Amino acid sequence: MELAYIPSPSHGVLYLGPIPLRGYAFCIIIGVFVAVWLGNKRWIARGGRSGTVADIAVWAVPFGLVGGRLYHVITDYELYFSEGRDWVDAFKVWEGGLGIWGAIALGALGAWIGARRRGIPMPAYADAVAPGIAFAQAIGRWGNWFNQELYGRETHVPWALHITSSEGGRVPGYYHPTFLYESLWCIGVGLLVIWADRRFKLGHGRAFALYVAAYCLGRGWIEYMRVDDTHHILGLRLNDWTALIVFLLAVTYIVVSSKKRPGREAVVEPAASDTVPAGAAGGTETVAEAEAEDEDEAKAEPGAEEAKDEAESAPKKG
């Protein structure tokens, strides 16, 4: 008898009347909110405006969801288009199946569109949201726990995951909780990026590249432990090859970028740099407005000096 293990939820969905509340979807939504919240704080600290990260996320998140689903469906097409399968299931995102590689790729495209519309350098935005994305992944992985999926090899360690469902070819038993391993790894990646960014003042996309490289390192060994069906190339799982290639690209970018564009961007949001404190009035005014006021004051000062001189030269009465 197992004395300790991680239990699986008996249901991955609760119903509020006719409305289904799915644990997988909740984890994704909470992760997005955390990423936007932290990204906004980091963006403001870099000199950007509050709300910019959320505005660009309106583009990035939908693109990321579509990209994540496309990657999953393309790499596991037999789950939806082979004999006896229903292709309509390819659209059922709530049942699980989002590939992080596709989510980041298309999410970056959406973010680029949003950043370009606001005249913001994409690398600076990527650096601001990088640790938040890692934390969002850490939260999102718990969606796999709700769905009893993506676990590792059978084990009897005290933290083994107890799989109880037999749907989809599952065999009830005790397995490595790879969802938990990746969740903890992503938290570590987020903390690493925050520390390295403060220590080395990373800029021009290097904080984001560090996140990518660090995540790929962990994903490599975690992916190797998983037992779900997937395509293999030369004995390695497809996602292991993807992690290796993306890791090399991220490291190369860090090295080349550090030589070509050292340091950090001085201005991340041009519109934000055009505002200065308005003083006691409590509002904000543009630099142009402030300069105009200074010119008006300068013009008024000569007249004030002349009036003062005339008053001093006038004869004093007794």
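1. Let's start with a small detail of the sheet: His162, in β4, is the bridge partner of Pro7. Please keep in mind that this is a predicted model. Strand β4 covers residues 161-163, and two bridges join it to β1, with the two strands running parallel.

2. Stepping back, the strands β1, β4 and β5 lie in that order in an open three-stranded sheet with mixed pairing. Its edges are β1 (6-7) and β5 (173-175), each of which pairs on one side only.

3. Helix α4 is worth a look next. This helix spans residues 100-118, 19 residues in total, and its first and last C-alpha lie 26 Å apart, close to the 27 Å expected at 1.5 Å a residue. Just after α4 comes Gly119, with a positive phi of about 70°.

4. Which residues of α4 are buried? They are Ile100, Trp101, Gly102, Gly107, Gly110, Ala111, Gly114 and Ala115. As for their surroundings, the buried residues of α4 pack against four helices you can pick out in the viewer: α2 (52-75), α5 (122-140), α8 (206-225) and α9 (238-260).

5. Now for the aromatic side chains, where the structure holds 12 pairs. One of them is formed by Trp87 and Phe91: the ring centres are 6.2 Å apart and the planes stand at 75°, so this pair counts as edge-to-face, the cut-off being over 60 degrees. Phe91 is exposed, at a relative accessible area of 58%.

6. One last group to display for yourself: Trp142, Trp145, Phe146 and Phe179 together make up one aromatic cluster.

Methods: Residues are numbered from 1 along each chain as its sequence is written. This is a predicted model: local features need pLDDT of at least 70, side-chain atom pairs count only at pLDDT 80 or more; totals for chains, interfaces and linings use all residues. Side-chain values use heavy atoms; hydrogens and water are left out. The expected span of a helix is 1.5 Å times one less than its number of residues. Buried means under 20% relative accessible area, exposed over 50%, partly exposed in between (1.4 Å probe, protein chains only). Contact means heavy atoms within 4.5 Å. Rings of Phe, Tyr and Trp (its six-membered ring) pair if their centres lie within 6.5 Å; planes under 30 degrees apart count as stacked, over 60 as edge-to-face and the rest as tilted. Two strands pair if DSSP finds at least two bridges between them.
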